Amino acid sequence: MAAPQASLFSEYRLGRAYDEMFAAPAVPRPQYAALYSQLGTLAAAELQRRQQVADRAFLHQGITFTVYGDHKGTERIFPYDLLPRIITGDEWRQLERGLTQRITALNLFLKDIYNEGRILRAGVVPRELIVSCPHYRREMRGLRVPGDRYVSVAGTDLVRLSDGSFAVLEDNLRVPSGVSYMLANRAVMKRTFSRLLARYSVRPIDHYAQALLRTLRDLSPQGRQNPTVVLLTPGVFNSAYFEHAFLARQMGIELVEGRDLFVHDNIVYMRTTSGAQRVDVIYRRVDDDYVDPLAFRADSQLGVTGLFNAYRAGNVALANAIGTGVADDKAVYAYVPAIIRFYLDEDPILGNVETFLLDDPVQRDHVLQNLDQLVVKAVGESGGYGMLIGPHSTAEQRAQFRDRILANPRNYIAQPTLDLSCAPCFLDDRIEPRHVDLRPYILAGQQTVIVPGGLTRVALRRGSLVVNSSQGGGSKDTWVLE
């Protein structure tokens, strides 16, 4: 094996966190051996050239995202790291089983809490926790959804712990984003490391869009042949608009805004140049609050008036169903292992991260005494917002969060500060470790499909644990081996 030039790895230090590439200093794990050898043949200048090729590809394809509250410029190119993250076939099969188990249990949970409520009567999950969740929709009580699939599309955040095991950090059941970057990363990788990619037996991901389309068609109201599926976007000013347009194009379906749809006699139609066309399934990327001004926020200009009545009448399907966010609440997350045992009578294949619920006085006192060591999260936030990372916080920030917790303890949870695993990244003409997580995408139709891979998000700043793109994170391609 050719050893990479020393200068490329001169700043590479193994720490407490699990290192994806190295088992020991200069000793790569077996799945990384070929990559390590390849890097031994390349100069920093060549890697820099390939990085520029990748960056230009992202620029020319308009692969961007929007940072809310950034006054310097609203759109940025999504930062991409040149080196792949590699997962073995055995590791992936374990993840696949665990994610399938989890999405199955969560769909049963949603069906139950909006209908019979068995798990609430049994006291496994506190009723108050559910009804106090802002994402619990009383309008969904007694309403059955096609195939009892409340969650058709999920993007579960996984972290690898210091012992090498994976754990679930968040379930992301409402509007899981980022899958377009997973596909774009692979397309760019084919240009920049085509020979290396060919040497590895990497499982393909190109079929994701068609798998998503099949999942959406599975939701079609009964009796509808050749259903019309559309993707409903909030519009060009949404942070994920690139992804909405990308996915609609890949699936060959219409990308629509609320003004493109209307409801007549509880049936949804799309305005087209050849007249009104009935719509059967809507892959919505609009939050519950804004999807129908008649049923939810009256000031919404993003939704479709009367859509919820059409939905309730069974004339149109929505993915994901309204009200799924209750299972995405970070406090409900703490109960997912119990939810799996209740519905499936199985132990969870993938573990949770220890979570403190702050409406419990004992747990709250513990958290308030250890704010400098814990991560505090608002239960309904995402994207790295509403979060305190204790070891990286100031005394003023901790004091602010203390006040917020005491004012509304139900709105916060706390978790230990994890040593997320590290993967090699090419930065400033050197290769250095950076913390990463993994977001695989789960499609729950008549069958559960998990495209092998996912979005590996990277905390590009040295020492940072925040991988969100809105907070300075980037991404890299994820290779799952046969």
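Q: Where in this predicted model is asparagine 320 placed?
A: Asparagine 320 sits in the loop between strand 15 (317-319) and helix 11 (336-344).

Q: What makes the peptide bond from alanine 319 to asparagine 320 worth a look?
A: That bond is cis, with omega near -5°. Most peptide bonds are trans.

Q: Why is asparagine 226 called exposed?
A: Let's set the value against the cut-off. Exposed means over 50% relative accessible area. Asparagine 226 has 71% relative accessibility, so it counts as exposed. You can find asparagine 226 in the loop between helix 8 (208-217) and strand 9 (229-232).

Q: What is the sign of phi at asparagine 226?
A: Asparagine 226 has a positive phi of about 45°, although it is not a glycine. Most residues other than glycine have a negative phi.

Q: How do you know that aspartate 428 counts as exposed?
A: The cut-off for exposed is over 50%, and aspartate 428 has 67% relative accessibility, so it counts as exposed. Aspartate 428 also has a positive phi, of about 55°, although it is not a glycine. Its loop lies between strand 21 (422-427) and strand 22 (430-439).

Q: Why is arginine 118 called partly exposed?
A: Buried means under 20% and exposed means over 50%, with partly exposed in between. Arginine 118 has 37% relative accessibility, so it counts as partly exposed. This residue belongs to helix 4 (residues 118-121).

Q: Which residues gather with Arg118 in a patch of positive charge on the surface?
A: The others are Arg121, Arg127, Arg138 and Arg141. Arg counts as positive, so the patch is called positive too.

Q: How do you know that strand 17 pairs with strand 20?
A: Two strands pair if there are at least two bridges between them. Two bridges join strand 17 to strand 20 (residues 412-416), so they count as a pair. The two strands run antiparallel, and phenylalanine 356 stands opposite alanine 414 in strand 20.

Q: What makes strand 17 and strand 19 stand at the edges?
A: The open sheet has four strands in the order 17-20-18-19, with antiparallel pairing. Strand 17 (356-357) and strand 19 (387-389) each have a single partner strand, so one side of each is left without a neighbour in the sheet.

Q: How many bridges join strand 7 to strand 8?
A: Four bridges join strand 7 to strand 8 (residues 166-170), and the strands run antiparallel. Aspartate 157 stands opposite glutamate 170.

How values were computed:
Residues are numbered from 1 along each chain as its sequence is written. This is a predicted model: local features need pLDDT of at least 70, side-chain atom pairs count only at pLDDT 80 or more; totals for chains, interfaces and linings use all residues. Side-chain values use heavy atoms; hydrogens and water are left out. Patches are made of residues with over 30% relative accessible area and no salt bridge: like charges are joined within 9 Å, nonpolar side chains (Val, Leu, Ile, Met, Phe, Trp, Tyr) within 5 Å. Accessible areas come from the Shrake-Rupley method with a 1.4 Å probe; for residues, only the protein chains shown count as cover. A salt bridge is a side-chain nitrogen of Lys or Arg within 4 Å of a carboxyl oxygen of Asp or Glu. The place of a charge is taken as NZ of Lys, CZ of Arg, CG of Asp or CD of Glu. Buried means under 20% relative accessible area, exposed over 50%, partly exposed in between (1.4 Å probe, protein chains only).
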